[in-house]
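Subject: Handing over a structure, with notes

Dear colleague,

I am passing on to you the structure shown below, together with some notes for a reader who is new to it. Please have it open beside the text as you read.

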Amino acid sequence: MADLLLVNRIEHRTVYSYRQPVTLGQHRLVLRPREGHNLRVENMQIAISPRHEIQWAHDIYNNSVALVSFVESASTLEITSTVTVHRTFADEVPRNDATPRVPLPLNYDTLESHLVAAYQAVSYPDDVPQVQTWLNGLPAIRSSNDAESVLSDLCSTICQKIKYQRRYAKGVQSPAETINLSSGSCRDTATLMMDAARGLGLAARFASGYLDCPASEAGRAAMHAWTEVYLPIIGWRGYDPTLGEIVSRKHILVGVSHHPRGVMPVSGLFTGLTGDFINMTAQVKIENV
């Protein structure tokens with residue numbers, strides 16, 4: 001059977017508003033989808049106002065990063081990324097009893113141990129005791145010795161126990177905050193799952209991208225976040241605790257990092273008076289073409 005081909009056009013518009021013209025420092029944009037064996041960027045355009053200079057680079061995680069330097073002050077910063085991607089998916093092979101399982105605890109290849117260690121180190125060390133206590137209260141997860149089963153259960157448990165709440169405030173809640181509040185945005189639940197997986201000795205990272213869903217088709221979505229875990233033989237596998245599902249064709253990966261701060265879609269500073277900043281709005285629209 002032939003592979004499935006999906007072609008998506010993604011428009012991502014971000015606007016920052018200020019009370020008067022401010023001086024904009026260099027901004028870092030992580031907006032270009034990560035290319036690989038199943039994704040190819042057909043074309044991409046970034047429209048930015050005010051006047052600027054742009055330079056592309058790859059960061060340490062091999063994300064495509066645009067570094068933008070502005071040459072004039074402005075009261076509005078507008079960034080619109082328009083990208084068309086071709087995505088190819090092979091037919092999924094159902095698992096059976098003969099399919100090798102990944103046992104827990106994991107033993108990573110010694111050739112990869114130094115790289116794996118960076119992704120096993122928790123992002124919020126002060127929260128470790130509370131995250132471990134929370135994990136200990138999930139007997140189904142603690143009693144299993146199958147890595148994939150544990151991760152699927154962890155993903156669905158977070159979805160069930162943590163109420164989704166879209167947050168417009170900057171930053172990410174720590175895992176302990178999310179546990180205590182029993183609510184959080186997609187980036188908050190992704191951070192909780194990332195550090196919880198690390199608490200189980202697994203290598204995990206934060207993933208940022210787009211979700212092809214009714215909200216994005218209507219042009220009223222935002223960036224999405226999930227967790228990726230590195231498993232021997234299988235490689236990096238994505239888990240979306242907001243949906244309680246393994247990452248699927250709905251997910252379009254843009255950037256990855258060992259910490260949520262490392263892959264913000266737009267980051268930068270401005271120089272002005274206290275109170276000059278008014279607000280920020282972001283909209284994502286995805287079309288199947």
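What follows concerns a helix, the cysteines and some salt bridges, and please keep in mind throughout that this is a predicted model.

Helix 4

I would begin with helix 4, which runs over residues 147-161 and holds 15 residues. At 1.5 Å a residue it should span 21 Å, and its end C-alpha atoms are indeed 21 Å apart, so the expected and computed spans agree. The buried residues of this helix are A147, E148, V150, L151, L154, C155, T157 and I158. Among the elements that cover these buried residues are helix 2 (128-136), helix 3 (139-142) and helix 6 (186-199), and the cover also includes strand 9 (224-231), strand 10 (235-240) and strand 11 (245-246).

Cysteines

A disulfide is a covalent bond between the sulfur atoms of two cysteines, and the structure holds zero of them. For C155, the closest cysteine sulfur is that of C159, and the 7.2 Å between the two is too far for a bond, given that a disulfide requires the sulfur atoms to be within 2.5 Å. C159 is accordingly in no disulfide either. As for their surroundings, C155 is buried, with a relative accessible area of 2%, whereas C159 counts as partly exposed at 28%.

Salt bridges

Side chains of opposite charge can pair when their charged atoms come close, and the count of salt bridges here comes to ten. I describe some of them below.

One of them returns us to helix 4, where E148 forms a salt bridge with R237, the closest N and O atoms being 2.5 Å apart. Since R237 belongs to strand 10 and E148 to helix 4, the pair links distant parts of the chain, 89 residues apart. E148 counts as buried at 6% relative accessibility, while R237, at 24%, counts as partly exposed.

Another salt bridge joins the side chains of E78 and R13, with 2.9 Å from N to O. E78 lies in strand 5 (residues 74-89) and R13 in strand 1 (residues 4-29), so this pair ties together parts that are 65 residues apart in sequence. Both partners are partly exposed, E78 with a relative accessible area of 26% and R13 at 33%.

A further salt bridge is that of R205 with E228, whose closest N and O atoms are 2.8 Å apart. This pair links R205 in strand 8 (residues 203-211) to E228 in strand 9, 23 residues apart, and R205 and E228 are both buried.

With best wishes

Methods
Residues numbered from 1 in each chain as written. Predicted model: local features only at pLDDT ≥ 70, side-chain atom pairs only at ≥ 80, totals over all residues. Heavy atoms only, no water. Buried < 20%, exposed > 50% of the residue type's maximum accessible area, 1.4 Å probe, protein only. Helix = DSSP H or I, 4+ residues; strand = E, 2+ residues; numbered from the N terminus. Expected span 1.5 Å × (residues − 1). Contact = heavy atoms within 4.5 Å. Salt bridge = Lys/Arg side-chain N within 4 Å of Asp/Glu carboxyl O.
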